[in-house]
Amino acid sequence: MKIKNICCIGAGYVGGPTMAVIAQKCPKVKVTVVDINEKRIKQWNDENVENIPIYEPGLSEIVKEARGRNLFFSTEVDKAIDEADMIFISVNTPTKTYGIGKGMAADLKWIELCARQIAEVSKSDKIVVEKSTLPVRTAAALKEILDSTGNGVKYQILSNPEFLAEGTAVDDLKNPDRVLIGGDIETEEGKEAMDALVNIYASWVPREKILTTNVWSSELSKLTANAFLAQRVSSINAISELCEKTGADVNEVAKAVGMDTRVGPKFLNASVGFGGSCFQKDILNLVYIARSFNLKEVADYWEQVIIMNDHQKRRFAANMVRTMYNTVSGKKIAMLGWAFKKDTNDTRESASIYVADYLLNEQAEIIVYDPKVTEEQIYSDLDYLGSRSGDANRQAVTVVNDPMEACEGAHAVAVLTEWDEFKDLDWKMVYDQMLKPAFLFDGRRLLEPSTKREIGFEFYAIGN
Ligand code: NAD
Ligand code: UDX
């Protein structure tokens, strides 16, 4: 079976870049990305390709090449579903904020809405691909909903989790470590559907990197992969605290440990804590699933990764207060970076939000600079926490467009996102503009300590 027409529901951080790369690599396949968010679709269609809603290195060039040729962004969800042979569901699956499983389980309401809409609209057979990250066994629920209309339309459900990381999405999509496709390996129709998706990826991914499994393994592999990655960060962050007490340096420890080929060097950078829309959500979901099967030890084991991460964020902020003579009330603190990592404008679960909230509770005055995050987003992140009124947030937090302006007259500067430009700041000039003693807190191990101390900074870095 040859796929001619793809629809992707959800034009977010995954749907947008993934479909742009599929459209670029498969110019004969029509790819339509749909979303109910009109503003987002309008931005994807902006004449100036630099205004697309997601900042990812290399993405605007691909959109420029494929948009209007075989890549389309639209709010006409029904039409795109009707026309497609293959439908990717790439909608958000955040942690539930209400009811059973509140604060733990993934909220599947948008997934179910998609399934109901597909069932209602479809007149021809479809391959439905789970691109969103979903709890293991979601495909069974999807199948029930899709089959419930009894109108004779046949569906094959595949699981094809996405492993891209933000900030490197384009590279990750063009050159993935693997592509995972789960499907019904027991039936001919199931195998045919899997082959159809394999063939799409095989346009640019070597066959040996395309892995096919049963649906449940594929669904569970995604949660497991994120849990393993986050666990490495929490492990090194746990050691960073011990380093600070003992005179060991976490970078040296990470290097020594990571050179063991069984461990490997990646994902061992100590930090102010991991953020992003995936790690916390997916681990909480894993913990919830384990608990629902009464696997207490399994659940507790993975929950510790989150507990450690929350501790790391809090401990960083608490250390700032302690170092600055146990009070930051009325003090001006410059925060460099608001995104959850460099090279993205995404701020979901960013450590910066929690550090800012902690310092605001201590009555600090905060000035934020981030090269890609808007003022509107920063206030909205703080308002979402609900720690204080929107007015109070706007009164205590100022957002500026220039790092030097942020640091002017500050008691302290905190580096919270590892943007390259912070490495090359004129730190002597920063120092000269600050109040003395000038405190500098590096939550990313981005800055070279000795040169900062030579300038005169009271310098503190995670794990140093
Ligand atoms: P996102 O919030 O950026 O995008 C989701 C989009 O889906 C939104 O624009 C929303 O308006 C749209 N949507 C929701 N319900 C809809 C409906 N019924 N019809 C049409 N559009 C609808 O989310 P994201 O970051 O792209 O994540 C999507 C999924 O991919 C999640 O399950 C996530 O766990 C997973 N994932 C994310 C990443 C990542 O780095 N962000 C990586 C791998 C997997
Ligand atoms: C992650 C997974 O890497 C990706 O495979 C999955 O598809 C989605 O979730 P993402 O959240 O976009 O991707 O970014 P990632 O690079 O994993 O970073 C997550 C967080 O961990 C960031 O806040 C990052 O700064 C932090 N991190 C990462 C560290 O603190 N130290 C590290 O060594 C690595």
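A polar contact here is a pair of N or O atoms within 3.5 Å. Keep that in mind for the ligand in this predicted model, where an oxygen atom of ligand 1 is 2.6 Å from an N or O atom in the side chain of threonine 93. Below is a quick tour of the ligand's surroundings, an annotated domain and some aromatic ring pairs.

**Around ligand 1**

- Threonine 93 has company: an oxygen atom of ligand 1 is 2.5 Å from an N or O atom in the side chain of lysine 281.
- The backbone joins in too, with a polar backbone atom of threonine 133 at 3.0 Å from an oxygen atom of ligand 1.
- On its own, ligand 1 would expose 830 Å², and the protein buries 93% of that.
- There are 25 residues around ligand 1, and the ones that come nearest are Asp35, Arg40, Thr93, Glu166 and Lys281.
- Sort that shell by character and you get nine nonpolar, nine polar and seven charged residues.

**The annotated C-terminal domain**

- An unreviewed UniProt entry carries the annotation "domain: UDP-glucose/GDP-mannose dehydrogenase C-terminal", and it covers residues 334–449.
- Across residues 334–449, the chain is 40% helix and 16% strand.
- The C-alpha atoms at the two ends of that stretch sit 19 Å apart.

**Aromatic ring pairs**

- Rings count as a pair if their centres lie within 6.5 Å, and by this rule there are 13 aromatic pairs.
- Take phenylalanine 316 and tyrosine 460: their ring centres are 6.4 Å apart and their planes meet at 55 degrees, so this pair is tilted.
- Phenylalanine 316 belongs to helix H12 (residues 296–323) and tyrosine 460 to strand E14 (residues 458–461), so the pair ties together parts that are 144 residues apart in sequence.
- Are phenylalanine 316 and tyrosine 460 buried or exposed? Both are buried.
- Another pair is tryptophan 427 with phenylalanine 457, whose ring centres are 6.0 Å apart with planes at 80 degrees, so this one is edge-to-face.
- Tryptophan 427 lies in helix H18 (residues 427–433), while phenylalanine 457 lies in the loop between helix H19 (449–455) and E14, so here the parts tied together are 30 residues apart in sequence.
- Tryptophan 427 and phenylalanine 457 are both buried as well.
- Phe316 and Tyr460 also turn up in a cluster, where ring pairs link them with Tyr325, Phe439 and Phe441.

How values were computed: Residues are numbered from 1 along each chain as its sequence is written. Chains are lettered from A and ligands numbered from 1 in the order in which they are written. This is a predicted model: local features need pLDDT of at least 70, side-chain atom pairs count only at pLDDT 80 or more; totals for chains, interfaces and linings use all residues. Side-chain values use heavy atoms; hydrogens and water are left out. UniProt positions are given in the numbering used here, feature names are shortened, and annotations may be inferred rather than shown by experiment. Helices (H or I, at least four residues) and strands (E, at least two) are DSSP runs, numbered from the N terminus. A residue is near a molecule or strand if one of its heavy atoms lies within 4 Å of it. A polar contact is a pair of N or O atoms within 3.5 Å; within protein, one must be able to donate a hydrogen and the other to accept it, and residues adjacent in sequence count only if both atoms are side-chain atoms. Accessible areas come from the Shrake-Rupley method with a 1.4 Å probe; for residues, only the protein chains shown count as cover. Ala, Val, Leu, Ile, Met, Phe, Trp, Tyr, Cys and Pro count as nonpolar, Asp, Glu, Lys and Arg as charged, and the others, Gly among them, as polar. Rings of Phe, Tyr and Trp (its six-membered ring) pair if their centres lie within 6.5 Å; planes under 30 degrees apart count as stacked, over 60 as edge-to-face and the rest as tilted. Buried means under 20% relative accessible area, exposed over 50%, partly exposed in between (1.4 Å probe, protein chains only).
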